[in-house]
Amino acid sequence: MTRRAAVCALAVAAVALGAAAPAGAEYRVVGSFGGTGSGPGEFGPPRADFRTFRLLTSPGGIAFAGNTVLVADPLNARIQRFTTSGRFLGKFGHKGVRPGEFLSPQGLVVHAGKVFVAMNGNDRIDVFSLRGRWKRMFQVHSNVRRTFAMSRGGARGQLHNPYQLVRAPNGRFYVADLTNGRVNIYTGRGFSRGQLGTFGPGPGQFLAPYGVTADGAGNLYVADRDLNRISKFSAGGQLLAEWGETGTQAGEFLSPQGLAVDRAGNLYVADTNNARIQKFGPDGTFLASFGQGVLKQPLYVAVDSSCTVFVSDYRRVVKFADGGC
């Protein structure tokens, strides 16, 4: 069997499992926070039609620092901090292109007392303290605009519209580099170590990679917004499986974006234009779908240690729970 045939077989098996799997426990809304505006705890002005998802929106990525929830606020060019119940604690950041300034912050990672931010508008990764003090940025040797630290381009390590990022168990950072059709790999200090995938519609390729996450074993999951599929890679970069196609049924997607993994290894997908979250087992087995009738524009998803699911929706964060993972 050829590699391409093997990959296709894996994908078909995963979809078949998903179609036959029973739904999981019922998820319920257990809280929400946010609102329209630029004040404390708000995520941007109202928009006439929230369904035009390709326009810039807020909130963005979500990350946890103990009992603090950090939420990217792209429209207001800042990061906001909340308690897990949604009480506003503070914010940092202001609009600009210089080091430490914000243009459309998207994906967030908290690690070792630092916040790693994917700057979609500045095409770079900035690193801050938990209180917002700028420390450094990921290095790109081919950067020709060091004064403003912009690294837009398609060369090794450069970024063009980065969205979600994740720190894997091996210590490497993986960044969804949407316009370049790849996932960039960096060391903890921000030096390039290659990429996953290339531009295209084939197995292991991407047209618009938006979401990326990793499980406890180091396997990586990537959501392609335009191909409407999820790709799973081993820690070594080998394509293990792909599933999903365009549609509204279980295991189908309309613009999948942010991803998250819970402590049991289950995968959560922000299925943006279906206005729902889909939950899968590690092998692609469909487990549950929730948020229909509640969510308007889910973009990012995060799961805390108690298995509460936080979703970045239109101008708010919505929390769901089913009593466990």
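In which sense do strand β10 (residues 162–167) and strand β11 (residues 173–177) pair, and over how many bridges? In this predicted model, β10 and β11 run in the antiparallel sense, and four bridges join them. One facing position can be named: V166 stands opposite Y174, which belongs to β11. Five residues lie between the two strands of this hairpin, and G171 there takes a positive phi near 90°. Strand β10 is itself mostly covered, with five of its six residues buried.

The aromatic side chains offer another way through the structure, which holds 20 aromatic pairs. In one of them, F43 and F82 are tilted with respect to each other, their centres being 6.0 Å apart and their planes 40° apart. Because F43 sits in the loop between β1 (28–34) and β2 (62–65) while F82 belongs to strand β4 (residues 78–83), this pair ties together parts that are 39 residues apart in sequence. Both partners are shielded: F43 is buried with a relative accessible area of 0%, and F82 is buried with a relative accessible area of 1%.

A further pair is made by Y210 and Y300, whose ring centres lie 5.6 Å apart with the planes at 50°, so this pair too is tilted. It links distant parts of the chain, given that Y210 is in strand β14 (residues 209–214) and Y300 in strand β22 (residues 300–303), 90 residues apart. Y210 and Y300 are both buried.

Aromatic residues also come together in a group: Y221, W243, F253, F280 and F286 form one aromatic cluster.

Note on methods. Residues are numbered from 1 along each chain as its sequence is written. This is a predicted model: local features need pLDDT of at least 70, side-chain atom pairs count only at pLDDT 80 or more; totals for chains, interfaces and linings use all residues. Side-chain values use heavy atoms; hydrogens and water are left out. Rings of Phe, Tyr and Trp (its six-membered ring) pair if their centres lie within 6.5 Å; planes under 30 degrees apart count as stacked, over 60 as edge-to-face and the rest as tilted. Buried means under 20% relative accessible area, exposed over 50%, partly exposed in between (1.4 Å probe, protein chains only). Two strands pair if DSSP finds at least two bridges between them.
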